[in-house]
Amino acid sequence: MADEKEEDKKVVAPAGVLPIKLVVVIVVGVLLLGIGGAIAFMSLTKGHDKPESGDVAADSSHDAPKEAAGHSEKGGASANGAPGPIFDLDPFVVNLADPDDVHYLKVNVKLELDRPETVETLTARMPQVRDAVLILLSSKDSASIRTAQGKLQLREDLILKTNSLLPKGGVRGAYFTEFIVQ
């Protein structure tokens, strides 16, 4: 009787064959490593494709908005170098125009004005200004505004758009005091 049990054990576990549990653990481990590697590769390479095309577009149109807005190369400083009046816009939180993913932009913008009288004009047209800024911000994709060039282009677009709403213009600079893309 004891000899039969020993013979059964020998038949059940022949030498040189891996146990089925060990094979399952190895296969699952390899699959998890492959899936993790694929996800990491896709997330790392996805962000590198879009900024290059955004940089080209930003470079080609970078000079035109500056000239149209009458913006100086000194970043909004007046001829004597003194900063103009600063006008605070309420914070903006918008959905970005990414086709595949959902990204948000939270931004605080301060506008530098040419003269103090522009504050009254800007306050009177606040609904139009906020609407224009919201539409401009929500038309951007996250890849284009994550780069420094993209932020500079967005700043120039804000100045141009805001000046187009004011009868005599008057916005010479735009400054981001908070800029979060998620």
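**View 1. Strand 2 and strand 3 are antiparallel partners in this predicted model**. Four bridges join strand 2 to strand 3, the latter covering residues 104-113, and the two strands run antiparallel. Within this pairing, valine 94 stands opposite leucine 105, which belongs to strand 3.

**View 2. The side chains of strand 2 alternate between two faces**. In a regular strand the side chains alternate between the two faces of the sheet. Along strand 2, which spans residues 92-95, Phe92 and Val94 point to one face and are buried, whereas Val93 and Asn95 point to the other face and are not buried. Val94, which stands opposite leucine 105 in strand 3, is therefore one of the buried residues on its face, given that buried means under 20% relative accessible area.

**View 3. Serine 142 lies in helix 6 and is buried**. Helix 6 comprises residues 142-146 and includes serine 142. Serine 142 counts as buried because its relative accessibility is 7%, and the cut-off for being buried is under 20%. When its neighbours within four places in sequence are left aside, serine 142 is in contact with Leu96, Asp98, His103 and Val181.

**View 4. The protein chain as a whole gives the setting for these close-ups**. The protein chain has seven helices and four strands, and read along the sequence these follow the pattern α-α-α-β-β-β-α-α-α-α-β. Of its 182 residues, 30% count as buried, while the protein chain exposes about 11800 Å², of which carbon and sulfur atoms supply 62%. Among contacts in the protein chain with a separation of 6 or more, 76% are accounted for by residues 24 or more positions apart.

Conventions. Residues numbered from 1 in each chain as written. Predicted model: local features only at pLDDT ≥ 70, side-chain atom pairs only at ≥ 80, totals over all residues. Heavy atoms only, no water. Buried < 20%, exposed > 50% of the residue type's maximum accessible area, 1.4 Å probe, protein only. Pairing = 2+ DSSP bridges. Contact = heavy atoms within 4.5 Å. Areas by Shrake-Rupley, 256 points an atom, 1.4 Å probe, with all protein chains shown as cover.
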